[in-house]
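Let's take a walk through this protein together, from its charged pairs to its nonpolar interior. Keep the viewer open as you read.

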Amino acid sequence: FDIYRKVPKDLTQPTYTGAIISICCCLFILFLFLSELTGFITTEVVNELYVDDPDKDSGGKIDVSLNISLPNLHCELVGLDIQDEMGRHEVGHIDNSMKIPLNNGVGCRFEGQFSINKVPGNFHVSTHSATAQPQNPDMTHIIHKLSFGDTLQVQNVHGAFNALGGADRLNSNPLASHDYILKIVPTVYEDKNGKQRYSYQYTVANKEYVAYSHTGRIIPAIWFRYDLSPITVKYTERRQPLYRFITTICAIIGGTFTVAGILDSCIFTASEAWKKIQLGKMH
């Protein structure tokens, strides 16, 4: 039953060519083994698309984080208003928000965290909630951060989770309104332990215009109009199974030795035939 029968050593013939092929064969196997080992240890992130609401336990809400600086507008004038198609209309939202004076009180940095419903709507930074409207409000601004859902800081995932971060409108018309039209894409990240985190990427388009009220006054604002995409992007961490790694290593070793054996046999046969030809010429 032994399929690995042994050949006595004195019946084998070592050659220099066989030694060179053997060394090259071992180095090649070592290189492929290390490459496969690196792939086995490394965690791979794969993505897929599907139509569904991934975070059904959120109660139909999305957490929003906004950080924006208006260097030429006093903090008492800055306010956040929220509207959507479910009838929500909130003027001067103040929960979980903070106003930090800039430039000796001339400007203001607004930082806020709030939630929006999963329906089309908008939130905007304006002077609508101020007790007295300023004569010429200056809406030039810098957006430091606008993100939705959990913050994902994963090295292998490059997405538009803070697409408006760093947007600079300081050189725009001070009396102009700014419209940022957002398309929000639900995103799920599942690690190798099965734990899921829910975030949102978004694309953005913007326009700048001068808006007049019914009284003819210019009342600029910074609008963020959003709509949700039905498509969900899911990122999943995966690691190569152990059985597949072992199978690949066996295939590498077996295949390399087989090919090397065929190559060595061909070279040895050709060498022996050449020697016989040379001996025939001598006789």
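Which side chain meets that of Glu 190 in a salt bridge? In this predicted model, the partner is Lys 234, with an N to O distance of 3.1 Å. Glu 190 sits in strand β10 and Lys 234 in strand β13 (residues 231–238), so the pair links distant parts of the chain, 44 residues apart. Buried or exposed? Glu 190 has 17% relative accessibility and therefore counts as buried, since the cut-off is under 20%. Lys 234, at 16%, counts as buried too.

The count of salt bridges comes to 7. Another one joins the side chains of Lys 118 and Asp 53, at 3.0 Å from N to O. Lys 118 lies in the loop between β6 and β7, and Asp 53 in the loop between β1 (44–51) and β2, so this pair ties together parts that are 65 residues apart in sequence. Asp 53 is partly exposed, at 31% relative accessibility. Arg 109 and Glu 111 also pair through their side chains, at 3.4 Å from N to O. Here Arg 109 is partly exposed at 26%, and Glu 111 is partly exposed at 24%.

Now turn to the nonpolar interior. The largest nonpolar core has 33 residues, and those with the most contacts inside it are Phe 123, Leu 146, Phe 148 and Phe 224. Several strands each supply at least two of its residues, among them β3 (79–84), β8 (142–149) and β12 (222–228). The strand that gives the most is β2, with 5 residues. Phe 224 touches residues including Leu 66, Phe 123, Leu 146 and Tyr 180. A second, separate core of 8 residues includes Val 157, Val 185, Tyr 189 and Val 233.

Note on methods: Residues are numbered from 1 along each chain as its sequence is written. This is a predicted model: local features need pLDDT of at least 70, side-chain atom pairs count only at pLDDT 80 or more; totals for chains, interfaces and linings use all residues. Side-chain values use heavy atoms; hydrogens and water are left out. A nonpolar core is a set of buried Ala, Val, Leu, Ile, Met, Phe, Trp, Tyr and Cys residues joined through side-chain atoms within 4.5 Å. Buried means under 20% relative accessible area, exposed over 50%, partly exposed in between (1.4 Å probe, protein chains only). Helices (H or I, at least four residues) and strands (E, at least two) are DSSP runs, numbered from the N terminus. Contact means heavy atoms within 4.5 Å. A salt bridge is a side-chain nitrogen of Lys or Arg within 4 Å of a carboxyl oxygen of Asp or Glu. Lists of a residue's contacts leave out its neighbours within four places in sequence.
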